[in-house]
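I opened this model to look up its aromatic side chains, its nonpolar core and its cysteines. My entries follow in the order I made them.

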Amino acid sequence: MREAELSDWFSFRAEFLAKKRAELGDLVCHYCGKPGLKDTVNDGESESGLATIDHVVPRSKGGAERDEANLAVS
């Protein structure tokens with residue numbers, strides 16, 4: 001990805017995770033149900049438990065890239 005695209009994706013990711021945290025009160029993995037995922041890590045912290053976004057229907061199978069209905073916290 002180019003730098004501008006990467007920056008745009010990280011902004012979208014942050015907004016999506018903030019919205020999910022506001023809706024649910026916590027970030028919970030869509031797959032395993034683990035609660036308490038972090039949306040950022042501070043210097044020196046482990047990335048263990050860092051939330052990311054996954055496409056429910058992969059883009060390669062026709063899933064929309066930024067359709068929130070096709071995204072899950074993982």
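Entry 1, aromatic rings. I began with the rings and found Trp-9, Phe-12 and Phe-16 linked into a cluster by ring pairs. The model is a predicted one, and I read every value below as computed from it. I counted two aromatic pairs. For Phe-12 and Phe-16 I noted ring centres 6.4 Å apart and planes at 20°. I logged this pair as stacked, because planes under 30 degrees apart count as such.

Entry 2, place in the helix. I then asked how many residues apart Phe-12 and Phe-16 are in helix H1. They are four residues apart in H1, which spans residues 3-24, so about one helical turn separates them.

Entry 3, burial of the two rings. I looked up the accessibility of both phenylalanines. Phe-12 has a relative accessible area of 14% and is buried. Phe-16 is buried as well, at 2% relative accessibility.

Entry 4, a charge over a ring. I checked what sits over the ring of Phe-12. I found the charged end of Arg-66 there, 5.1 Å from the ring centre.

Entry 5, the core. I listed the largest nonpolar core and got eleven residues. Trp-9, Phe-12 and Phe-16 belong to this core, and so do Leu-17, Leu-27, Cys-29, Leu-37, Ala-51, Ile-53, Leu-71 and Val-73. I asked which elements give two or more residues to it. These are H1 and strand S2, residues 71-73. H1 gives the most, with four residues. For context I noted that nonpolar side chains tend to be buried together in soluble globular proteins.

Entry 6, contacts of one core residue. I took Val-73 and left aside its neighbours within four places in sequence. Its remaining contacts include Phe-16, Leu-17, Leu-27, Cys-29, Leu-37 and Ala-51. Lys-20, Val-28, His-30 and Thr-52 are also in contact with Val-73.

Entry 7, cysteines. I searched the whole structure for disulfides and found zero. Cys-29 is in no disulfide, and the nearest cysteine sulfur, that of Cys-32, is 3.7 Å away. Why is there no bond between the sulfur of Cys-32 and that of Cys-29? At 3.7 Å the two sulfurs are too far apart for a bond, because a disulfide needs them within 2.5 Å.

Entry 8, accessibility of the cysteines. I closed by asking whether each cysteine is buried or exposed. Cys-29 is buried, with a relative accessible area of 11%, whereas Cys-32 is exposed, with 59%.

Technical notes. Residues are numbered from 1 along each chain as its sequence is written. This is a predicted model: local features need pLDDT of at least 70, side-chain atom pairs count only at pLDDT 80 or more; totals for chains, interfaces and linings use all residues. Side-chain values use heavy atoms; hydrogens and water are left out. Buried means under 20% relative accessible area, exposed over 50%, partly exposed in between (1.4 Å probe, protein chains only). Rings of Phe, Tyr and Trp (its six-membered ring) pair if their centres lie within 6.5 Å; planes under 30 degrees apart count as stacked, over 60 as edge-to-face and the rest as tilted. A charge sits over a ring if NZ of Lys or CZ of Arg is within 6 Å of the ring centre and within 35 degrees of the ring normal. A nonpolar core is a set of buried Ala, Val, Leu, Ile, Met, Phe, Trp, Tyr and Cys residues joined through side-chain atoms within 4.5 Å. Contact means heavy atoms within 4.5 Å.
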